[in-house]
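Hi there,

Here is the structure I promised to pass on to you. Have a look at it first, and then read on for what turned up.

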Amino acid sequence: MRGLLKRLFTRATSRVLLSGAPGPETRAERHTRSRRMVVGLGNPGMKGTRHSVGMAVLGALATRLGVADVWRVDKQVSGEVIESKLHDVHVVLLRPRLLMNINGVAVAKAAAKYSVRPEDVLLVHDELDKPLGKVGVKHGGSARGHNGVRSCVDCLQTDVMLRLRVGVGRPAGRTPVDRWVLGVFSPEEQKVLGSVLDQSVDLILSQITDSMQSPSSPAGSRAASRKPKPRAASLAEGTAAPGPT
């Protein structure tokens, strides 16, 4: 019951924060296949934690693209944003400045502002069911209990978004899951993390370039409510709300 009430409150909060943003039909009219958005899910101000590993991946991606020094706060989308080019693709990098359980508000606002379709959004997030060192791609579908992904599904009103799941493993013994994911990587884990970030960036870049070589599709997913190292050019413009999850 407590979990249900929390989720209902989170949804209500998201609706309030999204009020006035364009709806899915309005956005669809402006979208083009030459745009992609990569989102690092996490909690602002909690750098180095397992739950914010998606944001660490975005930092590594920005470095690889040569645009790590042009992050800017975009208050309209409640996030930090970089706009860049990868070959002929306009790529938006987004790090929400909202807590994990309402990250979807920033994602939906950014998708509307930058004219990116939900099926052209790639969510990068931590994954308990994979050990550290393992990274996998999921083509849409259920949030699998991840609050940040669930928020994105709720706010975008579809589950077609591609996900890059970065393993952080499950806690040993009786350590609560929330304490585990909100904790920082241990010194031993830090030794593995660098290669994990590199592998994650490689996968993101291959997903973007591969998607431009074949027709865009929802990869078998459904609506939730309704229907080589690249050369990059920077084009180079976020607010916090309620507490972590």
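The largest nonpolar core in this predicted model has 33 residues, and those with the most contacts inside it are Val38, Leu61, Leu93, Val124 and Ile204. Two or more residues apiece come from H3, strand E3 (79–86), strand E4 (89–96), E5, strand E7 (162–167), helix H6 (177–181) and helix H7 (187–211). H7 gives the largest share, seven residues. There is also a second, separate core of 29 residues, and Leu94, Met100, Val121 and Ala143 are included in it. As general background, nonpolar side chains in soluble globular proteins tend to be buried together.

If you want one residue to click on in the largest core, try valine 38. Leaving aside residues up to four places away in sequence, valine 38 touches Leu58, Leu61, Val91, Val92, Leu93, Leu94, Leu122, Val124, Ile204 and Ile208.

For the overall picture, the chain has seven helices and eight strands. Of its 245 residues, 50% count as buried. The chain exposes about 11600 Å², and 54% of that is supplied by carbon and sulfur atoms.

Helix H3, one of the contributors to the largest core, runs over residues 53–65. Its 13 residues reach 18 Å from the first C-alpha to the last, close to the 18 Å expected at 1.5 Å a residue. The buried residues of H3 are Val53, Gly54, Met55, Val57, Leu58, Gly59, Leu61, Ala62 and Leu65. Just after the helix, glycine 66 takes a positive phi of about 80 degrees.

Next, a charged residue that may catch your eye. Glutamate 127 lies in strand E5 (residues 121–127), and is it buried or exposed? Its relative accessibility is 7%, so glutamate 127 counts as buried. The side chain of glutamate 127 makes a polar contact with the side chain of arginine 165, at 3.0 Å. Apart from residues up to four places away in sequence, glutamate 127 touches Arg165, Val166, Gly167, Val168 and Gly169.

You will probably wonder about the cysteines. Searching the whole structure gives zero disulfides. Cysteine 152 is in no disulfide, and the nearest cysteine sulfur, that of cysteine 155, is 7.2 Å away. Why is there no bond from cysteine 155? The closest cysteine sulfur to that of cysteine 155 belongs to cysteine 152, and 7.2 Å is too far for a bond, because a disulfide needs the two sulfur atoms within 2.5 Å. Cysteine 152 counts as buried, at 0% relative accessibility, and cysteine 155 is buried too, with a relative accessible area of 8%.

Last, the loop between helix H5 (147–156) and E7, where glutamine 157 is found. Glutamine 157 is partly exposed, with a relative accessible area of 23%. Glutamine 157 and proline 118 are 39 residues apart in sequence, and their C-alpha atoms are 9.0 Å apart in space. Threonine 158 is found in the loop between H5 and E7 as well, but threonine 158 is buried, with a relative accessible area of 8%. A polar atom of the threonine 158 side chain lies 3.4 Å from the backbone nitrogen of valine 160.

Happy browsing, and best wishes!

How values were computed
Residues numbered from 1 in each chain as written. Predicted model: local features only at pLDDT ≥ 70, side-chain atom pairs only at ≥ 80, totals over all residues. Heavy atoms only, no water. Buried < 20%, exposed > 50% of the residue type's maximum accessible area, 1.4 Å probe, protein only. Helix = DSSP H or I, 4+ residues; strand = E, 2+ residues; numbered from the N terminus. Areas by Shrake-Rupley, 256 points an atom, 1.4 Å probe, with all protein chains shown as cover. Polar contact = N/O pair within 3.5 Å; in protein donor to acceptor, adjacent residues only side chain to side chain. Contact = heavy atoms within 4.5 Å. Expected span 1.5 Å × (residues − 1). Core = buried A, V, L, I, M, F, W, Y, C linked by side-chain atoms within 4.5 Å.
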